[in-house]
Amino acid sequence: MASTVLEATRAAHEDLERLERLAVRELQRDPANSRDRLFQSHRVRHMLDLVVSTSDKLVEIYEDKDNARKDEINTHLTAPSQNHLFAKYYERLKEIRDYHRWNPSARFVSTTDDYEELLKEEPVIEFTGEEAFGRYLDLHELYNEFINSKFGTPMEYSAYVGSFSQTEKISQSHKTTRQYKEYLEHILEYLTSFLYRTEPLQDIEKIFAKLESEFEERWANGEVPGWVNKATENPEEPEIDLDYYSTVEELVELGPEKLKQALAARGLKSGGTVQQRAERLFLLKHTPLEQLDKKHFAKVPRTKDVSNASSNGNNFKDDLKKEIALMEVKMRRLCELLDEVFVRTKENAEKKLTLTYEEMEAEREEEEVQADTESDDEDQQIYNPLKLPMGWDGKPIPYWLYKLHGLGQEFKCEICGNHSYWGRRAYERHFKEWRHQHGMRCLGIPNTKNFNEITSIEEAKGLWEKIQARQGLNKWRPDLEEEYEDQEGNIYNKKTYADLQRQGLI
């Protein structure tokens with residue numbers, strides 16, 4: 001029966017209503033943990049995709065480009081008289097009853113066979129081990145591409161994550177290269193994929209459409225940071241004011257690229273060494289451009305085709321600048337949406353610097369177990385008026401154990417960034433943990449037993465100065481540091497050499 005156009009239309013409307021009710025029903029359920037919350041978002045996203053695809057089919061039916069719907073209405077729902085109309089109605093009703101009598105399990109055309117299964121299925125979401133099920137970003141491939149490129153600079157991975165969206169440090173000459181454009185394309189591809197996997201209900205296309213409309217207006221007005229639109233810049237204004245330079249050496253310090261641009265803007269030859277370019281530009285300080293010797297000017301193109309090709313090349317370069325500027329704006333917007341994830345990723349990268357491989361593997365397994373078993377405090381609804389810490393069984397620990405370990409006592413460590421530790425045991429243990437070790441490394445002090453129980457930065461610096469003075473690290477010790485060489489070429493310090501010489505061994 002669903003083969004008819006009208007029946008397919010009715011079934012599609014039924015599917016839309018069921019999908020809407022299921023989506024509302026799913027969103028009214030409170031997830032137990034973060035993983036369940038992510039699965040819930042992906043299930044709702046799948047329902048929304050089904051709603052969109054079913055609505056597209058309905059639009060095609062109502063447009064009726066092949067007149068199938070119109071022909072069916074004229075054939076089955078119209079008659080020359082009222083008696084013929086009722087006869088057609090009862091004839092059609094009889095066909096429907098006979099069909100369902102012989103096919104009791106028949107079902108009309110639907111988007112899915114069983115909508116209830118949408119609420120039970122577990123979506124397949126692919127994450128790398130570094131991403132930890134959407135908790136961190138995996139930027140290692142982009143990091144390797146950045147440090148091995150012409151526009152990149154050598155730095156640690158944690159520093160790269162912290163300065164990921166700071167593209168203003170890259171020069172304009174490097175931004176208009178194919179390598180930089182491919183780098184931005186890889187960034188947008190990864191961040192868009194990560195945002196869809198972790199926040200599937202975000203409408204990325206709508207966000208980008210709004211950004212593009214705002215970008216067009218800002219680009220036309222020359223308000224895009226770090227970029228100058230050719231239509232808004234003043235071509236008569238020179239980039240280098242020669243009144244501020246008194247010698248050729250001062251112009252040499254500007255570098256070859258700026259000198260080349262300044263010479264090309266004035267129609268002069270831009271080739272040669274940096275010294276030659278500076279000398280050629282310095283001639284304009286005392287000689288007007290009209291009176292300058294013709295040998296300093298660049299060759300003028302003979303045909304109009306050359307000028308047209310030049311203008312076409314400039315237009316292509318302006319379009320390339322506009323495209324790259326738009327990609328940078330999109331990248332910054334994605335970084336704003338994932339700001340918390342970037343902070344967690346940077347902290348995790350700094351933390352890994354203090355861990356061994358075995359500790360990192362153990363921590364990763366612990367995070368996976370916590371992701372499976374964690375639940376919100378509101379969902380647990382456990383009676384805990386004293387706000388005691390939770391035990392291994394997910395219940396509050398006994399009050400006597402809380403008092404025995406002194407968990408109500410707070411210890412703050414300035415070296416750890418004024419982080420609080422509750423209980424004497426946690427306080428003593430934190431001196432060997434990654435947070436305290438990272439703080440001591442930032443101060444340039446080795447984290448030895450001498451600095452246990454010291455949480456103040458000033459006290460740690462004062463003790464380190466005393467230890468250095470007592471050990472004599474800043475003094476010259478000739479008996480240990482002065483070297484001597486025997487006839488066979490062996491090297492000894494002064495004390496060992498003197499002892500061997502007295503024994504007659506040398």
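Helices (runs of H or I, at least four residues) and strands (runs of E, at least two) are taken from DSSP and numbered from the N terminus. By that rule, the protein chain in front of you has 23 helices and four strands. It is a predicted model, in which local features need pLDDT of at least 70 and side-chain atom pairs count only at pLDDT 80 or more, while totals for chains, interfaces and linings use all residues. Residues are numbered from 1 along each chain as its sequence is written, and side-chain values use heavy atoms, leaving out hydrogens and water.

**Inside and outside**

A residue is called buried under 20% relative accessible area, exposed over 50%, and partly exposed in between (1.4 Å probe, protein chains only). Of the 506 residues in the chain, 29% count as buried.

Helix H1 (residues 5-27) is a good place to begin. The expected span of a helix is 1.5 Å times one less than its number of residues. For the 23 residues of H1 that gives 33 Å, and its end C-alpha atoms are 33 Å apart, so the two agree. Among the buried residues of H1 are Leu16, Leu19, Leu22 and Ala23.

Further along, helix H13 (residues 274-282) has buried residues too, including Arg277, Leu281 and Phe282. Which helices do the buried residues of H13 pack against? They pack against H11 (248-252) and H12 (256-265), where a contact means heavy atoms within 4.5 Å.

**Salt bridges**

A salt bridge is a side-chain nitrogen of Lys or Arg within 4 Å of a carboxyl oxygen of Asp or Glu. The count comes to 22 salt bridges. Here are three of them.

| Pair | Closest N to O |
|---|---|
| Glu323 and Lys181 | 3.3 Å |
| Glu428 and Arg424 | 2.9 Å |
| Arg424 and Glu453 | 3.0 Å |

Arg424 lies in helix H19 and Glu453 in the loop between helix H20 (434-443) and helix H21 (457-471), so this pair ties together parts 29 residues apart in sequence. Glu428 and Arg424, by contrast, both lie in H19 (residues 424-429), four residues apart, about one turn of the helix. In an α-helix there are 3.6 residues a turn, so residues three or four places apart point the same way. Arg424 counts as partly exposed because its relative accessibility is 36%, and Glu428 is also partly exposed, at 43%.

Finally, Glu26, Arg29, Asp36 and Arg43 are linked in a network of salt bridges. Glu26 is one of the buried residues of H1.
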